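Biologist: I am new to this structure. Please walk me through its surface, its rings and its confidence.

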Amino acid sequence: MKHLAPFIVMIAILIAISIVIVVLTNYDLKKKILNKENIDDKMFIILNNLTGFGSEMLKWGIILLFGGIGLIVLEFVPYNENSPLPYGVMTVFVSLGFLGYYFLMKNQKK
């Protein structure tokens, strides 16, 4: 499990960099569309699709939060090196993150 930590950190850094790139390119595209003189219906559809990125960020934020909590819990739970317990604990916490996001979005739509 200790050899897995640098790999997880690298993936988290790459995800953060890709999110920043997507946000910056969406902002630049929105700015270019709004600076045009004549805006038609197709451009409004593109603008609406670009602004729907918030719930996706929320989903991954909640999942990563619960994954981090799972890693913290694993630090305090004694387990054998060959035990499948860490995989089960991480699966449960990530699943709780997905369920939390699902119920949050379900309540938000009401």
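Biologist: Which residues make the nonpolar surface patch of about 470 Å²?

Modeller: This is a predicted model: local features need pLDDT of at least 70, side-chain atom pairs count only at pLDDT 80 or more, and totals for chains, interfaces and linings use all residues. Residues are numbered from 1 along each chain as its sequence is written, and side-chain values use heavy atoms, without hydrogens and water. Helix α1 gives the most to the patch, with 4 residues. The full set is Leu 4, Phe 7, Ile 8, Ile 11, Ile 15 and Leu 71.

Biologist: Is Lys 32 buried or exposed?

Modeller: Lys 32 is found in helix α1, residues 5-35. Buried means under 20% relative accessible area, exposed over 50%, and partly exposed in between (1.4 Å probe, protein chains only). Lys 32 has 54%, so Lys 32 is exposed.

Biologist: How is the aromatic pair of Tyr 102 and Phe 103 arranged?

Modeller: Rings of Phe, Tyr and Trp (its six-membered ring) pair if their centres lie within 6.5 Å; planes under 30 degrees apart count as stacked, over 60 as edge-to-face and the rest as tilted. Here the centres are 5.3 Å apart and the planes 65 degrees. The arrangement is edge-to-face.

Biologist: Which helix has the lowest mean pLDDT?

Modeller: pLDDT is the predictor's confidence in each residue, from 0 to 100. The protein averages 82. Among its elements, helix α4 (residues 85-109) has the highest mean, 89. The lowest, 72, belongs to helix α2 (residues 41-50).

Methods
Helix = DSSP H or I, 4+ residues; strand = E, 2+ residues; numbered from the N terminus. Patch = residues over 30% accessible without salt bridge, like charges linked within 9 Å, V, L, I, M, F, W, Y side chains within 5 Å. Areas by Shrake-Rupley, 256 points an atom, 1.4 Å probe, with all protein chains shown as cover. Salt bridge = Lys/Arg side-chain N within 4 Å of Asp/Glu carboxyl O.
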